[in-house]
Amino acid sequence: MKFIRIILFPIVPFYYLITCLRNWLFNVGYKSSKSYDFPVICVGNLSTGGTGKTPMIEYLIRLLKDENSLATLSRGYKRKTEGFVLANESASADTIGDEPFQFYRKFNGITVAVDADRQAGISKLRALKSQPKVILLDDAFQHRKVKAGFNILLTAYNNLYYKDIVLPTGNLREPRSGAKRADLIVVTKCKKSISETEKEMIASRLNIKKNQLLFFSYVDYALEVLSELDSKELSKLQKFTLVTGIANAKPLVDFLVEKGLEFDHLEFSDHYDFRVSDIKNLESKTLILTTEKDYVRLSNYRSLEEKLYYLPIEIKIDKAAQFNAAVRGFVN
């Protein structure tokens, strides 16, 4: 795959010019963006994935849900439906996608919807009888037809966008200059011990503007694994199989290794659609640990019910009070 990306390097300038032109057309108003008179918050990235958008959306839900009627709107990647779908009791990862289904299962009292056309999705959410007052857009930074009132841009510590180039050789969906549309920039998946000197260096390299705020976050892993039926202390797990279908499993693997746990790792691509042969293989395992995103799909298989667990995570943000105040200040 790396070799293919290298030989496709001559395409990079064309992709760069096309995305620059597209952004310029929106910036000058030739292509229209719709803005709103109620709070719309966009969480996104410049890269193709693996920056921690789902934990950030969950952080915002926890922050805002008690004081606001809240909705999340996602594309619903790899779902088997089309158009606008509102999550209800019959929802599944197949109907709305794994990440939106995770939101729906996890949080009561919020509205969860999917629509590839975010503008249409917002209109349908606002037409509901229980009209949401705040809408969180999941992975919509490049969806320029919607002009969110507040943009949170994520970039992973181990793959900061200033080190990258656009597709197909690099991982950027658009040039680095797109970061200037962000109100907040969050460096995600940091090591807990990151120093102030390193933070200042990263801020300089990211070329943070005066109107932007920069934050750093890390993943906080739970010390207990969960299932629908049971919970176990992570430290007491005997040899198990780790199953991941996420963009970057390395931080999770590193954490489990640091805990001195013994496991084998079955690694699949992001949003992987598990096949019958994969499930047969997993049925032969004694104990399976997976991510929450993968759990919402694998838990559909009754044959795995008694052996399948997930490890909950949350993000922790430095200067969280300032971050929270900035978000609440926009909403209110």
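Start at the largest cavity, which holds about 40 Å³ of space. The model is predicted. The structure has one cavity of 30 Å³ or more.

**Stop 1: the cavity wall**

Select Asn45, Leu46, Ser47 and Thr51; these residues help line the largest cavity. Add Leu154, Thr155 and Ala156, which also belong to the lining. Finish the selection with Asn159, Leu160, Tyr161 and Leu172.

Now show strand β6, residues 150–156. Strand β6 gives the most to this lining, with three residues.

Colour the selection by class. Which classes line the largest cavity? Six residues are nonpolar and five are polar. No charged residues appear in the lining.

**Stop 2: the second largest pocket**

Move on to the second largest pocket. Its space comes to about 430 Å³. The elements that each give two or more residues to its lining are β8 (213–221) and α8 (250–258).

Select Lys189, Cys190 and Lys191, then add Tyr221 and Pro251. Of the 15 lining residues, these lie nearest the centre of the second largest pocket.

Next, show α8. How many residues does α8 give to the lining of the second largest pocket? The answer is five, the largest share.

Colour by class again. The lining of the second largest pocket has seven nonpolar residues, one polar residue and seven charged residues.

**Last view**

Put both sites on screen. The lining of the largest cavity has no charged residues, whereas the lining of the second largest pocket has seven. Strand β6 gives the most to the cavity lining, while α8 gives the largest share to the pocket lining.

Conventions: Residues numbered from 1 in each chain as written. Predicted model: local features only at pLDDT ≥ 70, side-chain atom pairs only at ≥ 80, totals over all residues. Heavy atoms only, no water. 1 Å grid on protein atoms, 1.4 Å probe; cavity = no way out; pocket = protein on both sides within 12 Å on 5 of 7 lines; lining within 4 Å. Points joined across faces, edges and corners; volume = space filled by probe spheres on them. Helix = DSSP H or I, 4+ residues; strand = E, 2+ residues; numbered from the N terminus. Nonpolar A, V, L, I, M, F, W, Y, C, P; charged D, E, K, R; others polar.
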